[in-house]
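Trainee: Could you give me a close look at the aromatic side chains in this one, and at what sits around them? I'd like the cut-offs spelled out as you go, since I'll want to check them against my own scripts.

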Amino acid sequence: MTDVYPQGRPATLYATWREYAPDGPLVAVTGVTWQAAPLAGGSGVGPTSTGVLYPATGINVYTWQVPSSQTPGDYLITWTGTDPGSGDPVTATEIITIA
């Protein structure tokens, strides 16, 4: 199920990072950024690391204050960072809807 967020309201986005899927131990990824790209095309938001929080090991949170003028539709949220053990880049994605 896709999360739906109204224009002009905050969208709280989460990324969970694990050593291995599906239930490996949580790992603290470094250099985390996020971005939102509209699936229909056009300009999105980010990438940015400003405002990304690290409330617990392996968890990142960002509260996107969705502008009231944000174009409605589906957005691909992409989180990127660096695996601290290997130094490899890692990504996590989800699709949300702005209504």
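Mentor: I'll start with the overall fold, go on to the rings, and finish with a few other spots.

First, the ground rules. This is a predicted model, so local features need pLDDT of at least 70 and side-chain atom pairs count only at pLDDT 80 or more, while totals for chains, interfaces and linings use all residues. Numbering runs from 1 along each chain as its sequence is written, and side-chain values use heavy atoms, with hydrogens and water left out.

The fold is easy to sketch: eight strands and zero helices. Those labels are DSSP runs numbered from the N terminus, with E for strands (at least two residues) and H or I for helices (at least four). As for dimensions, the C-alpha atoms fill a box of roughly 40 × 25 × 25 Å along the principal axes. The radius of gyration is 14 Å, which agrees with the value near 13 Å for a compact globule of 99 residues. That figure is taken over C-alpha atoms, and the globule rule is 2.2 Å times the number of residues to the power 0.38. Of the 99 residues, 30% count as buried; the cut-offs are under 20% relative accessible area for buried, over 50% for exposed, and partly exposed in between, using a 1.4 Å probe and protein chains only. Contacts here mean heavy atoms within 4.5 Å. Among those between residues at least 6 apart in sequence, 60% join residues at least 24 apart.

Now the rings. Phe, Tyr and Trp rings (the six-membered one for Trp) pair if their centres lie within 6.5 Å; planes under 30 degrees apart are stacked, over 60 edge-to-face, and the rest tilted. By that rule there are three aromatic pairs. In one of them, Trp34 and Tyr62 have ring centres 4.6 Å apart and planes at 35°, so that pair is tilted. Trp34 belongs to strand β3 (residues 30-38) and Tyr62 to β6, so the pair ties together parts 28 residues apart in sequence. Both Trp34 and Tyr62 are buried. Trp64 and Tyr75 make an edge-to-face pair, 6.0 Å centre to centre with 70° between the planes. Here β6 carries Trp64 and β7 carries Tyr75, so this pair bridges parts 11 residues apart. Trp64 is buried at 4% relative accessible area, and Tyr75 is buried at 2%. Put together, ring pairs link Trp34, Tyr62, Trp64 and Tyr75 into a cluster.

What else packs around there? Leaving aside neighbours within four places in sequence, Trp34 contacts Leu13, Val45, Gly46, Pro47, Thr48, Val52, Tyr62, Trp64, Ile77, Thr78 and Trp79. Several of these names come back in the largest nonpolar core, where Leu13, Trp17, Trp34, Trp64, Trp79 and Ile96 touch the most other members out of 20 residues. A core here is a set of buried Ala, Val, Leu, Ile, Met, Phe, Trp, Tyr and Cys residues joined through side-chain atoms within 4.5 Å. In soluble globular proteins, nonpolar side chains tend to be buried together.

One of the Trp34 contacts, Pro47, deserves a second look: the peptide bond from Gly46 to Pro47 is cis, with omega near 10°. Pro47 sits in strand β4 (residues 45-48). Another cis bond joins Ala21 and Pro22, with omega about -5°, and Pro22 is in the loop between β2 and β3. Most peptide bonds are trans.

Last, some polar spots. Thr97, in strand β8, counts as buried at 19% relative accessibility. Its side chain makes a 2.6 Å polar contact with that of Asp74. That term means a pair of N or O atoms within 3.5 Å; within protein, one must be able to donate a hydrogen and the other to accept it, and residues adjacent in sequence count only if both atoms are side-chain atoms. Ser86, in the loop between β7 and β8, is partly exposed at 45%, and its side chain reaches the backbone nitrogen of Asp88 at 3.1 Å. Ser69 lies in the loop between β6 (59-65) and β7 (73-82) and is exposed at 63%.
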